[in-house]
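Q: Hi! I have a structure here that I'd like to talk through. Could you help me get my bearings?

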Amino acid sequence: MVCIFVSRDTFPEVLYRKLSEVGLVKAYNFGKPAWLTVGIPKEELKRAAAECDAMVVFVGDIVDSEVLSHAKNLKIISTVSVGYDHIDVAEAKRRGIVVTNTPEVLVDATADLAIGLLLALARRIVEGDRLIREGRAYDVWGALMGSDIKGKRAGIVGLGNLGTAIAKRLLAFGAEVVYWSRTRKPQVEFALGIKYLPLDELLATSDFVIVSIALTPETRHLMSWEKFSKMKRGAYFINVARGAVVDTEALVRALREGILAGAALDVYEEEPLPHAHELTKFPNVVLTPHIGSAAVETRAKMAEVAAENVVRFFRGQRPLYVVE
Ligand code: DGY
């Protein structure tokens, strides 16, 4: 019997049924809500790799070469995420293990969050909420002046599906959208009327910089001090991609030195972000706990795609999305 391990009890029941068509499903912490599963212990991942034919994992479950060294019959790792930087894909491939992911279905939800963060920063929404809850006095006319979005330049770093969805939304707000990407996208430029700029020029001229680029060895710490120091003074910085695309120390320095008017982050180099981290000290920083795809409908679709990837694999068909 095929053994399918799921690292969190977060799948809608219908998907357990779907997975059960091709094997026996074992969920870590079965019956415990997913948010009470604060990361699965590594030992459990190792055990799953040793005992099961399939592993369904999530962002934050580190499937590294140590975990994979325990694999005996493991054939497929299906991650319920578009990102797969938590999996040692090269090592999995070397061992003949297929890795699948769930792109596309989470693009809109994540782009929505990027816009939410941008608005929260530009219009100081979180600061306003705090001010009222803390019962501080404020002048109804002069409090918390923010920034327009219309007419401002928004620079998107990384123009994949996510960057493109963010660009469309920003255009609807009347922003001028420019982008930088490792590969230039002339069709998207033409279709949306957006402009490509070299990264340094984008950083030097954008009022809002939104990072939506995947984490790869080449993009790790792409946003270094060298890059932050080139940013337009008073710009806002938003990251909804992966924390390690940004050198956190450099970001903190850019905030401290007043290069940035504010930053909004959904992702961190270390997740969960350690309690009382330096970033939490800035009133002009908005922090969310990696919730880009955390909408009920989107997460259900991601789970469905992840399950479909597994089902297809064991039926001898090609999964919907194989990480190449
Ligand atoms: C992903 O899918 O990679 C997101 O970061 C998690 O929602």
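Q: Great, let's start inside: what share of the 324 residues is buried?
A: Happy to help! Buried residues account for 51% of the 324 in the protein. Do keep in mind that this is a predicted model.

Q: Noted. How many helices and strands are there?
A: There are 12 helices and 12 strands. The radius of gyration is 21 Å, close to the 20 Å that the globule rule gives for 324 residues, so the protein is as compact as a globular protein of that length.

Q: And what does the C-alpha trace span along its principal axes?
A: About 65 × 50 × 35 Å.

Q: How about contacts between residues at least 6 apart in sequence: what share joins residues at least 24 apart?
A: That share is 60%.

Q: Switching to the surface: what do carbon and sulfur atoms supply?
A: They supply 54% of the exposed area, which is about 15,600 Å². As for charges, the protein has 41 positive and 40 negative ones, and their mean positions are 2 Å apart.

Q: Now Asn309. Is it buried or exposed?
A: Asn309 counts as buried because its relative accessibility is 0%, below the 20% cut-off. This residue sits in helix α12, which covers residues 296-314.

Q: What does the side chain of Asn309 reach?
A: It reaches the backbone nitrogen of Leu320, at 2.8 Å. Leaving aside residues up to four places away in sequence, Asn309 touches Ile76, Ser78, Thr100, Asn101, Pro319, Leu320 and Tyr321.

Q: Let's go to the loop between β11 and β12. Where is the cis peptide bond?
A: The cis bond joins Glu271 and Pro272, with omega at about -10°. Pro272 lies in the loop between β11 and β12. For background, most peptide bonds are trans.

Q: His275 caught my eye too. Is it buried or exposed?
A: His275 is exposed, with a relative accessible area of 80%. Its place is in the loop between β11 (260-265) and β12 (285-287). Between His275 and Glu43 there are 25 Å in space, C-alpha to C-alpha, and the two are 232 residues apart in sequence.

Q: Last topic, backbone angles. What is phi for Leu144?
A: Leu144 has a positive phi of about 45°, although it is not a glycine. Most residues other than glycine have a negative phi. Leu144 is in the loop between α6 (125-133) and β6 (153-157), and is partly exposed at 26% relative accessibility.

Q: And what about phi of His290?
A: Phi of His290 is positive as well, near 50°. You'll find His290 in the loop between β12 and α12, partly exposed with a relative accessible area of 21%.

Notes
Residues are numbered from 1 along each chain as its sequence is written. This is a predicted model: local features need pLDDT of at least 70, side-chain atom pairs count only at pLDDT 80 or more; totals for chains, interfaces and linings use all residues. Side-chain values use heavy atoms; hydrogens and water are left out. Helices (H or I, at least four residues) and strands (E, at least two) are DSSP runs, numbered from the N terminus. Buried means under 20% relative accessible area, exposed over 50%, partly exposed in between (1.4 Å probe, protein chains only). A polar contact is a pair of N or O atoms within 3.5 Å; within protein, one must be able to donate a hydrogen and the other to accept it, and residues adjacent in sequence count only if both atoms are side-chain atoms. Contact means heavy atoms within 4.5 Å. The radius of gyration is taken over C-alpha atoms; the globule rule is 2.2 Å times the number of residues to the power 0.38. Accessible areas come from the Shrake-Rupley method with a 1.4 Å probe; for residues, only the protein chains shown count as cover. Lys and Arg count as positive and Asp and Glu as negative; His and the chain ends are not counted. The place of a charge is taken as NZ of Lys, CZ of Arg, CG of Asp or CD of Glu.
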